[in-house]
Amino acid sequence: MKKFKFLGVVLAVLLLLPMAALARDVAPIVSVDWLEKNLANPKVVILDVRKVEDYKAGHIPGAVNAFYGSWAVKRGDLLNELPATDDLFDTIGAAGIDANSIVVIVGPTDAVPNQFDMTRVAWTLKYAGVNNVAILNGGQNQWVKAGKAVSTDAVKAKSKAYRGKLDRGLFVNKEYVMSRLGKAVILDTRAPAFYQGKEKLPFVPKLGRIKGAVNLPVGQLYTPEGLYKDEAALLALATAAVGADKTKEIIAYCDTGKTCTGWTFVLTDLFGYQDVKVYDGSSMEWLKDPNAPAEP
């Protein structure tokens, strides 16, 4: 009887764990030391998403290159849109990735917008059905800063035929966002001045934000050195903005649908929020539509 009670307790604990944690073979954010120890792990695919010339100048040994533009494309006036599904699957397979791979994404962190190349690619891989995705903390810059080995030998991945199951709920369109105003948490991840309607980027049609949105700037994710803040600090920031209910629907946006993935990846894969979506059109699309409710 005691044995069955113990098993019942274990089962209850497992059911309380975030689903993302149960599906993972790797932590969502890994250190350069962890990656160095796993360079020879046959399941690990090191995915360098920097420009080809930067990759050729020096990269982590064994890393394959599939530059960021392969994962997020321009469609009409909108930037950072999903590529066609066949193209996306071809990019994944050409990088030697399959559903069982542990993918560690490496990108540049020397400019703030570039830090989110890694999380946008991670979110896109999750959308395409690849669950074991991790971000290298500090990216290529931290690898070099730590004095780790660098190679200039281009790696030719063993191409695979990838056909995954799309998780279409990870990206939503303008019409969906309109239908969820006042129901879901609308999360504006831009800097406070942009959220407050004081500043905007040149390609965003006008000042303002989605009506009813709360603010959680992506700049708050990192230390001055470009590393992620500790989990306790990040969780405190997240719960202050979106609340502690991990079943609540959250729709995140930024200017183009790229930088907001910094928080969506952390919310889901680090903290277990279960219903987080990215509005791909973001401010570029919303603030162009006179019928889309905006403020201030």
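Biologist: Before we start, what does contact mean here?
Modeller: We're looking at a predicted model. When parts pack together, we go by contact, and that means heavy atoms within 4.5 Å.

Biologist: Okay, so which helix do the buried residues of helix 5 pack against?
Modeller: Helix 5 covers residues 85-94. Its buried residues are L88, F89, T91, I92 and G93. They pack against helix 6 (116-127).

Biologist: Which residue just after helix 5 takes a positive phi?
Modeller: Look just past the end of helix 5, which runs over residues 85-94. The phi there is about 80°, and the residue is G96.

Biologist: How many disulfides does the count come to?
Modeller: Let's try C254, where the closest cysteine sulfur is in C260. A disulfide needs the sulfur atoms within 2.5 Å, but these are 3.7 Å apart, so that's too far for a bond. C254 and C260 are buried, with relative accessible areas of 1% and 0%. The count of disulfides comes to zero.

Biologist: How many residues apart are F89 and Y162, the two members of an aromatic pair?
Modeller: Their rings sit edge-to-face, 5.3 Å centre to centre with 80° between the planes. F89 is in helix 5, while Y162 is in the loop between helix 7 (139-145) and strand 8 (171-172). That pair links distant parts of the chain, and the two residues are 73 residues apart.

Biologist: Over the ring of which residue does the charged end of K258 sit?
Modeller: A charge counts as over a ring if NZ of Lys is within 6 Å of the ring centre and within 35 degrees of the ring normal. For K258, the distance to the centre is 4.7 Å, and the ring is that of Y68.

Conventions:
Residues are numbered from 1 along each chain as its sequence is written. This is a predicted model: local features need pLDDT of at least 70, side-chain atom pairs count only at pLDDT 80 or more; totals for chains, interfaces and linings use all residues. Side-chain values use heavy atoms; hydrogens and water are left out. Buried means under 20% relative accessible area, exposed over 50%, partly exposed in between (1.4 Å probe, protein chains only). Helices (H or I, at least four residues) and strands (E, at least two) are DSSP runs, numbered from the N terminus. Rings of Phe, Tyr and Trp (its six-membered ring) pair if their centres lie within 6.5 Å; planes under 30 degrees apart count as stacked, over 60 as edge-to-face and the rest as tilted.
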